[in-house]
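Welcome, and thanks for opening the viewer. Could you load the model, switch to a cartoon view and keep the selection box ready?

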Amino acid sequence: PFDSVQEAIDAAATGDAILVLPGTYREHISFQGKDVTVSALDRCGGDAVSRTILAGVDANSVVVFAKGESAAAVLAGFTILGGRGQCGGGICCQGADPIIANCLIVGNRADLGAGVYCQESRATLVNCTIADNYNWEDGGGLYCCLSDVTVINSIVSGNQPEQIVVDPSAILHVIYSAVRGGWP
């Protein structure tokens, strides 16, 4: 057992799976270039997402993928809230291609991409809800630049001032998802 999620990631090797018990973890985590799976585990058969929370504690992104992580880096089953990053209050993906699944990304703030920020990334978001995030510049829910991002079976709603902003240098695939205000 570790005292924090970050300690478990630091001790992990590529290919490891880290199972996180329900609770509120007040910390910021970085995958540190490791292709590991970090997922919530609810042994009581309940709703792990609502019971396993990564909560930001200061002016940083709650979760960071920024050291070349591949699609083998997986974050699954968490509520991610309270982030206050410059780029990506909830999740920041820079030069990384993670899979983010079954997450609720809510109540984050940032200059760009308050919920999720992707730069030079091929991130995939599956079964996620990105809601009630606020940014000061662009992309309250999701901001993409120099990226090829896929959003599948997800909800993007209630973000301010926009749900999604895609820079002309980026490609965004939205598949079987609900985006408030629509998406082509």
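How many helices and how many strands does the secondary structure of the chain come to? The count is 2 helices and 23 strands. Please keep in mind along the way that this is a predicted model.

**Stop 1: the whole chain**

Start with everything selected and the C-alpha trace on. The C-alpha atoms fill a box of roughly 45 × 30 × 30 Å along the principal axes. The radius of gyration is 15 Å, which agrees with the value near 16 Å that a compact globule of 184 residues would have. If you colour by accessibility, buried residues make up 53% of the 184 residues. A contact map is worth a look too: of the contacts with a separation of 6 or more, 70% are between residues 24 or more positions apart.

**Stop 2: strands 6, 10 and 14**

Next, select residues 63–65, which are strand 6, together with residues 91–94, which are strand 10. These two strands pair in the parallel sense over 3 bridges. Within this pairing, Val64 stands opposite Cys92 of strand 10.

Now add residues 116–119, strand 14. Strand 10 pairs with strand 14 as well, again in the parallel sense, here over 4 bridges. Look for Cys93, whose bridge partner in strand 14 is Cys118.

**Stop 3: aromatic pairs**

Show the aromatic side chains. The structure holds 3 aromatic pairs, and the tour visits two of them.

Select Phe31 and Phe65 for a tilted pair, with 4.4 Å centre to centre and 35° between the planes. Phe31 sits in the loop between strand 3 (29–30) and strand 4 (37–40), while Phe65 belongs to strand 6, so the pair ties together parts that are 34 residues apart in sequence. Are these rings buried or exposed? Phe31 counts as buried because its relative accessibility is 0%. Phe65 is buried too, with a relative accessible area of 0%.

Then move on to Tyr117 and Tyr143, a stacked pair with 5.6 Å centre to centre and 0° between the planes. Tyr117 is in strand 14 and Tyr143 in strand 18 (residues 142–145), so this pair links distant parts of the chain, 26 residues apart. Both Tyr117 and Tyr143 are buried.

**Stop 4: Arg122 and the salt bridge**

Which side chains meet in the salt bridge? There is 1 salt bridge in the structure, and the side chains of Asp148 and Arg122 form it, at 3.0 Å from N to O. Asp148 lies in strand 19 (residues 148–152) and Arg122 in the loop between strand 14 and strand 15 (124–126), so the pair ties together parts that are 26 residues apart in sequence.

Keep Arg122 selected and turn on the surface. Arg122 is exposed, with a relative accessible area of 52%. Leaving aside neighbours within four places in sequence, Arg122 is in contact with Ala96, Asp97, Pro98 and Asp148. For a distance to check, the C-alpha atoms of Arg122 and Ile99 are separated by 8.9 Å, with their positions 23 residues apart along the chain.

**Stop 5: Asn159 and its loop**

Select Asn159 in the loop between strand 20 (155–157) and strand 21 (164–166). Asn159 counts as buried because its relative accessibility is 0%. What does the side chain of Asn159 reach at 3.0 Å? One partner is the backbone oxygen of Ile130. A polar contact of 3.0 Å also joins the side chains of Asn159 and Gln163. Show the surroundings and, not counting residues up to four places away in sequence, you will find that Asn159 touches Ile130, Ala131, Asp132, Asn133, Gly140 and Gly141.

Pro161 is in the loop between strand 20 and strand 21 as well. Check the backbone here: a cis peptide bond joins Gln160 and Pro161, with omega at about -5°.

**Stop 6: positive phi values**

For the last stop, bring up the Ramachandran plot. Asn102 has a phi near 55°, a positive value in a residue other than glycine. Asn102 is in the loop between strand 11 (99–101) and strand 12 (104–106), and at 36% relative accessibility it counts as partly exposed.

Finish at Asn153, in the loop between strand 19 and strand 20. Asn153 has a positive phi of about 50° although it is not a glycine. At 46% relative accessibility, Asn153 counts as partly exposed.

Note on methods: Residues numbered from 1 in each chain as written. Predicted model: local features only at pLDDT ≥ 70, side-chain atom pairs only at ≥ 80, totals over all residues. Heavy atoms only, no water. Phe/Tyr/Trp six-rings, centres within 6.5 Å; stacked < 30°, edge-to-face > 60°. Buried < 20%, exposed > 50% of the residue type's maximum accessible area, 1.4 Å probe, protein only. Polar contact = N/O pair within 3.5 Å; in protein donor to acceptor, adjacent residues only side chain to side chain. Contact = heavy atoms within 4.5 Å. Pairing = 2+ DSSP bridges. Salt bridge = Lys/Arg side-chain N within 4 Å of Asp/Glu carboxyl O. Rg over C-alpha atoms; globule rule 2.2 N^0.38 Å.
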